[in-house]
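Good morning, everyone, and thank you for making time for this. Please have a look at the model on the screen before I go through it.

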Amino acid sequence: MNQMAHPNSDQRQPMLKVSHLTHRVSLETDTLTILQGVNLEINRGESVAIVGRSGSGKTTLLGLLAGLDTPSEGKVELDGSVISDLSEDARAQLRARRVGFVFQSFQLLPALTALENVMLPLELAGIEQPEARARELLERVGLGERLGHTPRQLSGGEQQRVAIARAFASDPVVLFADEPTGNLDNRTGQSVSDLLMALNREQGTTLVMVTHDEQLAARCGRQFHIEAGELTEPGSAREAAD
Amino acid sequence: MVAAEKLMSVRRDWRERDVRVVLVALIIAVATVATIALFASQLQRTLVTSASSFLAADRQLEAENGREIPPEWMHEATRRGLETGRMIEFSTMVFGTGGFQLVSVKAVSDEYPLRGEIEFQASPDGTRTLASGGPAPGEVWINPRLLRLLELEIGDSLDVGSRSLTVSGLLIREPDGGFRLSALAPRVMMHVDDVPSTGVIQEGSRVEYVYLFAGEEPVLDEYHEWLKPQLHPSHEWEGVRDGETFSRSLQRAERFLLLGGSLAVLLASVAVAVASRQYSLSQRDTVALLKTLGLNGAGIGRLYLRRLGLWGLAGVVGGLLVALPLFWLLTRILSDVLERPVDFYLDPAALAPALLTALVSLFAFAYPPIRRLRQVPAMRVLRSQPGESGREAIPDIVVAILAVFGLVWLYAGELVLVVSLLGGLVLLLAVLGLVGWALMALLRHVKGGGSAWRLALVGLYRHRRASLSQMAVFSMTLMLAATLVLVRSSLLDDWQAQLPEDTPNHFLINISPGSVEEVSEYWQENGQPLSQLYPMVRGRLTELNGRPVKEAVSKDERINALNRELNLTWMASLPADNEIIEGAWFKEGQTEGVSVESQLAGRLGLQIGDRLTFTIGSAKVTEPVTSIRTVQWDSMKPNFYMAFPPNGGLTDMPATWITSFYLPDQGKQALNEFSRRFPTISVLEIDHIIERIQLIVGQVTRAIEAILALILAAALVVMAAVVSATLKDRQREGALLRTLGGRQSLLVRSTMMEFALLGGFAGLIGVAAAEAAVWALQYGMFEGSFQWHWPIVISVPLVSAMVLALFGRWQLGPVLNVSPMLLLRRLE
């Protein structure tokens, strides 16, 4: 497992450290607070689920953790870099090397084949021999026979498998998943989450997953609840105090 | 970078509908501009060649001082690869069996004519044939009238000075037989080498030496540049563009073609702008994903810039591939129309506008919305973000307007044209904003009506932003097309008005005062009444305010009218096509004063009240200038520089009378009879000249129509492109409506109504803007007057409503025949 760890990573450092994270959006008449004073630490190799209802702020939190957006206040540290202080370009660079994503709506490029979709992040990160690595991953997710198919020719479950293969392609240290089974039926969802968990373990990746599915959340090492922009960890000291 | 390469490949792009629209628009743009530029250049060459035959060459150098030009000048022309020829024109007496006659001789070299052909007849009953050269040495061709006047027959000899020449043919028409009243005497054509042996030309004789040049335009221009410093004021370099009669037609045709080209540029730009905006909107998700995968803003920028470059290349190559066969086809059509071969000549310079258009279209119209893709937030992959508000597009619009301004200015080279076109467009957008806003406010309150009707109105309201922008594009397209149609019809009407069917084609000159009545009666009896006869007195303008006129006028001004006798007249009323621009026409009973033609007045610097002295024979007449008037020189009617009042300064001067009238072909018999009865009256037949002018007008008209058809086709494709830009949304809605139980017929009716409404409104606004633009153009360029063009005002909105309704129906096709379930999945 260690051989998969990022060369720069320091095992003692937390992978993600969030302090006093607040996010607001300005509306026409007033300001809406979506996240309020969120603190969070996730260690290397952990799998964490953030559970909450629609509109609770979980997707916003995921976006901020992954550096897709910048917070109104507070700090996000990812693998030792304070990403909330980085420019968009620097964050993009960080994402290319260390972050992988799985989305609810798969987000595959319709014009590219399964193989090409998986090769894309490898090429963007400048990794050599992207095709061999992409083939290997697609075989691992059980799509070795469907390399030349475009997303339109694949079922929802198959598309999400391609997306998972793409997420792991560039050896990310953190994987962010946004409702990865949200668009799939129960059985397919189950097999996709099995695959995600298995790959996560194999690669030693830190997994941060946002879901409203308690069952899926239960498969992660730790669970957080988010409600009205506030994050709590059931069974933690703070929750006990409440 | 296989996947990334593929992501950016044109072939892959082609599979995306929006890119297809951009590429098709670009190909159409390049093809239209290239075809028009190529065709315009070809037409220009054809017209110039055709009009050149009126000079019998591309250029003429006239020396009126009775001296030949230095031989080096001709050597230089030959050295530069120009074809040359020469001729000598003079008047002399000739002697034949039946007496003698003053004739106008044209002695030509072997090369004459360099352009055009001589029409000649071997005998009075023979057929007319076209000859590519004049008579051989020792021979003459003469005007048929001279044959009668001198009682000659073919083969007889004619004495020119001390030389006897054999009459070997009848001269029917010479290519440069321009219309000059000074050349009234019958024509004799001989070989230039025979001239010295006639002994006619002496020191001081009034002889005109004319040198002919033909060749490539740039070489001719360079030669002229070389020649210019050496020319004497009495030398006149004449090109077809300077020729009085045809230059206006040519200039108008050229302007029209340029206008057409400019409109094509505008249409193309509109198409590219619309399609690329659609494309950039569709790319936002991909860009967000690429950013999530680690590509930064600069990387995105590079990626799309490269893509744009590839499109540009594909557009140019594709456009040229379309343009070349189209151009070839047009030249074939042109050949057929002109009944003479037109060579297929690819002018490389004509391709430059196409390349420039592609470049400007891409960077001023396609790039701005695509450039903004860099700013798409990565967060969009997780949650849909607000789209563009439209405010971001304002700088784009400014850039686009500036680019259009520059391009149109470059192509048309007319500030008036650019300003009126853009003024029209701005007006259009303002009106559109207002009307659109009012319309949408109105639609909100529409209740009642059948369900298809209501669905159509609701549809318009629901898509109000898309509808308004589509309406903007449609009305702009319709405005451009309508402008072109309107300008074309006013242009053609003007031409036809200029040379109507019954344009006078015969002149009667030298009618003695005693026979005026008899002549009038003769033509009255023969069904061709003469409308107006003018007295004509030959006289020279000699003094201006008591000073000799050549001293009074600046030496730089070389004024032909001062070097020869003028035709003076008197008349009671101003001819209908003349216009007083200064002073006043003679009052009834007024006997003092003279009215002067405006251009001559300008060159002489005449003011009302200046006193002009004319020498007529041995008498002198002095009169004050009382009015200055314009004259239609190309009206084919007698025109005069100087007009006196009846019983004024010309009373008792020896006058002959002149008139012009229209004689149809079948009236030639009456003409022959007339010549026999009135042998002293000169008949000048100019029907051939008129035929030639009408032929040229016809050529230009057809060419304009061909180009108009091309532009209208482009406009139609632009509209199709714009409609198909919202194809996906509309198909999804259609599928949804069907899923929710909407019947096919309801869907068809409501969609067709929605599009018909859109088209109708766009047509109304477009045609109103076109009228405004034409109004501005009329004043600035074509010197016409404004009027509403009701047929167009009514037909454009109707046709546009119908065409759009059909487009709407066509869009629905896939929705109607496929299961809604399948369609919704496909459109996911």
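I will speak about the enclosed space first, then about chain B.

This is a predicted model, in which local features need pLDDT of at least 70, side-chain atom pairs count only at pLDDT 80 or more, and totals for chains, interfaces and linings use all residues. Residues are numbered from 1 along each chain as its sequence is written, chains are lettered from A in the order in which they are written, and side-chain values use heavy atoms, with hydrogens and water left out.

A cavity here is a set of points, on a 1 Å grid over the protein atoms alone, where a 1.4 Å probe fits but cannot get out, and its lining residues have an atom within 4 Å of a point. There are three cavities of 30 Å³ or more, and the largest holds about 60 Å³. Its lining includes Arg95(A), Phe101(A) and Arg166(A), and also Thr292(B) and Leu293(B) from the other letter. Strand S6 of chain A gives the largest share, three residues, strands being DSSP runs of E of at least two residues and helices runs of H or I of at least four.

As for chain B, 53% of its 828 residues are buried, meaning under 20% relative accessible area, with exposed over 50% and partly exposed in between (1.4 Å probe, protein chains only). The chain has 25 helices and 22 strands. Ala441(B) sits in helix H13, residues 415–444, and is partly exposed because its relative accessibility is 32%. Between Ala441(B) and Tyr461(B), 20 residues apart in sequence, the C-alpha to C-alpha distance is 8.7 Å.

Key: 1 Å grid on protein atoms, 1.4 Å probe; cavity = no way out; pocket = protein on both sides within 12 Å on 5 of 7 lines; lining within 4 Å. Points joined across faces, edges and corners; volume = space filled by probe spheres on them.
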